[in-house]
Amino acid sequence: MAAYAALLSLKHIIEQIQLHPRPPISLHQNQVDSLTDNLNFLQDFLEVYSCGGGSSSEAADVLESRIADATHAAEDIIENRIVDQILGGERISSDELYQGLEKLIQDMGFIKKDVMEIKEKNIGIIEDHSLHTNSPTLGGLSSSHLTTKQETVVGFDELLIEVMDKLTGQPSNLRIIPIVGMGGIGKTTLARNTYAKPLIMHHFDIRAWVTISQNYNVQEILIEILLCIRKDESREILSSKNEGELGETVHKSLWGRRYLIVLDDIWSVEVWDKVNLFFPDNGQGSRIVITTRLSNVASIGSRGLEMNFLDDDKSWDLLCKNIFEKEEDCPHELEEIGKKIAKNCKGLPLSIVVIGGLLANSKHTTEHWEYISENLNSIVHLEDNERCLKVLLLSYNHLPVHLKPCFLYMGVFPEDRKIHVSWLIKLWVSEGFLKPISGKSLEVVSREYLEDLCDRNLIRVHQRGSNGKIKFCNIHDLLREVCLREAEREKFLYVPRKHSLNIAQGINTQRRIIIHQSESEIGYLLDVLQVNNTLISVPLARSLMCKFMLLPSHPGSNYRLLRVLKVVDKHSYSGYHASDSIEVVLQLVNSRFLAIGADWQNFRFPSSVYLLWNLQTLIVKDMFYAVAPSVIWKMTQLRHIEFGLLDLPDPPLGGDDDFVLGNLQTLLKIRNFKCGEEVVKRIPNVKKLQICYLEEFEGCSSYSLNNLVRLHKLESFSCFFYSQKKPHRNDLLRNLILPNSIKKLALRGTNLYWDDMKTKIGLLPNLQVLKLQYNSFVGPEWETVEGQFCNLRFLQIYTCSDLEWWTTTDSSHFPRLEHLVLCNMDKLNEMPPCIGEIPTLQSIELKNCSDSTIISTRRILEEQEELGNVGLRVRVILFNQEHLESLASPNFQIEESRSTQ
């Protein structure tokens, strides 16, 4: 909720001023004490009390609005004074700051008094222990029990069989198979389960999945298809091609192959008309599956599959599967009321799954379930999506208050967007609405909150990384609609709907402004003009996110209070370029999060970056490399620095400003990094470090790499040597000493011997992910030994092309290995037979490896299947697969590689 987020944000600002080594302003201690007391009281009130009746009461809305307004007013006066002090303005003098805060403290006192009366009289607001008593505590969130389960298809077994029959049966010509139904009915789940069936995976030579959504882009659709079917292609290279070139590439890639393409969530016939010409009908039995909510779109194919609502029994079955493992696990006293809840969901799987997530994470008592049932009864008679939104909104209303701002914030991402979790976490932290937990960084708290939201089926895990953490997530469009509606009602976010940028009444009072780009070229140009006209004056804006903007030459009057500026995405290499106006960007002195594009070749950051007193995240894309000023070592609030390539100067010696960057966790990608004693002392808590050496490497002692072992918090480390002069092996053995905290390690060009693995890497006790890239290790033979790699989950060996014999005599050499990836290992004679005996092994991927390695891996798989281990999956990618196609099986996929990259 906006009020709770505002309280935490103001507390964060006050704390930053109090703890900052060089605060731009100071606050009177008596005012700090009064503000803190009021903020803590109101925060405790909002954490304990929630709105009754399943929706916000008028009294609660008024109260929360008063809290938010007063808190925002205090933020405004403090941050305006900060900006004035840094830039030399006089909008608010010190006296006006003091007087303004005195008035706001008085206003908060009145609110506090009213709250105390409400608590005594219990008017309009109830203490809802039933909803929160069993919620995970802030100090220790529960581990995921739903995110690890596959999506359940309940009640649609006949449809699943019918879809599979249509996919694998006659005729041999291209066939379009529409799946139609309302939002949340389970179309995507049905398609996804079919798509992942081993029979389907084996039947088709090529499979591709692309989500369309309302704001489609033909070029992006074609890119997504190519990324599925041509694994070696990169998004950056494909993005440089026009629609015609991409379409021709898709057509050629599919020609002569039996392919399956799923176009998920199509909203118009128009998009099909624009892409269907790229799908050849070559008589191979190819199929295209379309999921849509609209009957007219379904008419473009053969007789489609219409998904209807679940009956009462199947609804109850699905609800049980989302609350308990089995229907029999439901306590007898909850069965009657549980069936009533399932029935009142009116057979909509999405509603059932979300309510199941709510019930699974709350108290299993008859009273609580009756409360849920009574609130469902008031909304089940509404129609279509509105009814579902009411159900989903109920789930939002019953979230613990500390999760509500995080959930509402999901509305900033476009529909059907695959959301990169590392960026999501940085944004949550920068916004200032996370409640700190003693002993945990805000980034750790963010991940726990995200897992909790996933457990409640409000956010979905899209992909986990090699370390098991959520790497990408997404949100159902109906749940996103809930975010947008509730965020708009609470004035938490401003996200203009499509074609509504010119309707901007009240935008000058908005604090978070998110504008999504039109997909057409004309629409894009119109957006640029409309956005810049719309954003002429947004003096209260703290967050601005879009892919295009033209900052005015003097942003101080327009965006003076801005904290978050995001105009590029994690993997986006287009957007706002600051090369001509870096000084303009650096006038945003209140910034906490800056993600911009730049086309500098060798750019020196001006020392004025030091004025960004509270900058936490600095991300710059689209550049060769930049040079940081020495004042960067004084920017103590920095948490994440990410550049394509960055020269980091030595810290200044002497003086009284020997600052420690104790908050810094991410440092990417540092050119010719010198890890001297002064550097180690300044970055004691860095967790992720990427370094590379481009010129002639002068030896480890010149770069003090022996000091890496003193970075005791380092978890992810990448070290790349690109110089023609190879690093000296003995020098590396003596000086490249890694801390035991390392969990993820990537090496390139180190030219160590395989036998060195025993002393340099194998004994790292916490190592979970190991990526050995080009010539990181050299030599013909690697013999592993017992007692090493005790926690290794993911192993990738890429272009260590000297390796011929890999000897592993016992599965205990890799006791916890889950995923093995070998790339460009054309001299390797065979896969060690004992690899298949590793009990935790889930997948093996072989990319452009020798035939003997592939054949031996097939033999390992056969042996494991004979022993009853049907969980192991092998994926083989080759330039020419024809001579090995006979090896293919449901668990042994063979695909053709089209690129050497």
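**Exercise 1. Place Asn308 in this predicted model and find what lies around it.**

Solution.
- Step 1. Start with the chain. Asn308 sits in the loop between β7 (305-306) and α14 (312-323).
- Step 2. Set sequence against space. Asn308 and Met182 are 126 residues apart in sequence. Their C-alpha atoms are 8.6 Å apart.
- Step 3. List the contacts. Leaving out residues up to four places away in sequence, Asn308 touches Phe156 and Ile185.

**Exercise 2. Decide whether strand β3 is enclosed or open, then name its partner strands.**

Solution.
- Step 1. Find the strand. β3 covers residues 175-180.
- Step 2. Apply the burial cut-off, which is under 20% relative accessible area. In β3, 5 of the 6 residues are buried, so the strand is largely enclosed by the rest of the structure.
- Step 3. Take the partner β6 (residues 287-292). β3 and β6 pair in the parallel sense over 6 bridges. Within this pairing, Ile177 stands opposite Val289.
- Step 4. Take the partner β7. It is joined to β3 by 2 bridges, and the two strands run parallel. Here Ile179 stands opposite Leu305.

**Exercise 3. Work out the strand order of the sheet that holds β8, β9 and β10, and find its edges.**

Solution.
- Step 1. Write the order. The 3 strands run β8-β10-β9 in an open sheet. The pairing is antiparallel.
- Step 2. Look for strands with a single partner. These are β8 (419-420) and β9 (460-464), which stand at the edges. One side of each is therefore left without a neighbour in the sheet.
- Step 3. Check one pairing. β8 is joined to β10 (residues 470-474) by 2 bridges. His420 has Phe472 of β10 as its bridge partner.

**Exercise 4. Compare three salt bridges by position in the chain and by exposure.**

Solution.
- Step 1. Get the total. The structure has 36 salt bridges.
- Step 2. Take Arg563 and Glu75. Their side chains meet in a salt bridge at 3.0 Å, N to O. The pair links distant parts of the chain, 488 residues apart. Arg563 lies in the loop between β12 (543-545) and β13 (564-566), and Glu75 in helix α3. Arg563 counts as buried because its relative accessibility is 2%. Glu75 is buried too, at 2%.
- Step 3. Take Glu678 and Arg682. Their salt bridge spans 3.7 Å, N to O. Both residues lie in helix α25 (residues 677-682). They are 4 residues apart, about one turn of the helix. Glu678 is partly exposed at 24%, whereas Arg682 is buried at 1%.
- Step 4. Take Glu715 and Lys743. Their salt bridge spans 4.0 Å, N to O. This pair also links distant parts of the chain, 28 residues apart. Glu715 is in the loop between α26 (700-703) and β21 (716-721). Lys743 is in the loop between α27 (729-735) and β22 (744-748). Glu715 is partly exposed, with a relative accessible area of 23%. Lys743 is partly exposed as well, at 33%.
- Step 5. Look for shared partners. Salt bridges that share partners join Glu75, Asp76, Glu79, Arg511, Arg542 and Arg563 into one network.

**Exercise 5. Describe the second largest cavity and its lining.**

Solution.
- Step 1. Count the cavities. The whole structure has 9 of 30 Å³ or more.
- Step 2. Give the volume. The second largest cavity holds about 110 Å³ of space.
- Step 3. Name the residues at its middle. Of the 13 lining residues, the closest to the centre are Ala6, His72, Glu75, Arg511 and Arg512.
- Step 4. Trace the elements. Those giving two or more residues to the lining are α1 (2-19) and α3 (58-87). The largest share, 4 residues, comes from α1.
- Step 5. Sort by character. The lining has 4 nonpolar, 2 polar and 7 charged residues.
- Step 6. Link back to the salt bridges. Glu75 and Arg511 belong to the network of Exercise 4.

**Exercise 6. Locate Thr509 and classify its exposure.**

Solution.
- Step 1. Find the element. Thr509 is in the loop between α22 (477-489) and β11 (512-514).
- Step 2. Classify. Partly exposed runs between 20% and 50%. Thr509 has a relative accessible area of 48%, so it is partly exposed.
- Step 3. Add a distance. Thr509 and Ser537 are 28 residues apart in sequence and 9.5 Å apart in space, C-alpha to C-alpha.

Technical notes
Residues are numbered from 1 along each chain as its sequence is written. This is a predicted model: local features need pLDDT of at least 70, side-chain atom pairs count only at pLDDT 80 or more; totals for chains, interfaces and linings use all residues. Side-chain values use heavy atoms; hydrogens and water are left out. On a 1 Å grid over the protein atoms alone, a cavity is a set of points where a 1.4 Å probe fits but cannot get out, and a pocket is an open set with protein on both sides within 12 Å along at least five of seven lines; lining residues have an atom within 4 Å of a point. Grid points are joined across faces, edges and corners, and a volume is the space filled by probe spheres set on the points. Ala, Val, Leu, Ile, Met, Phe, Trp, Tyr, Cys and Pro count as nonpolar, Asp, Glu, Lys and Arg as charged, and the others, Gly among them, as polar. Buried means under 20% relative accessible area, exposed over 50%, partly exposed in between (1.4 Å probe, protein chains only). Two strands pair if DSSP finds at least two bridges between them. Contact means heavy atoms within 4.5 Å.
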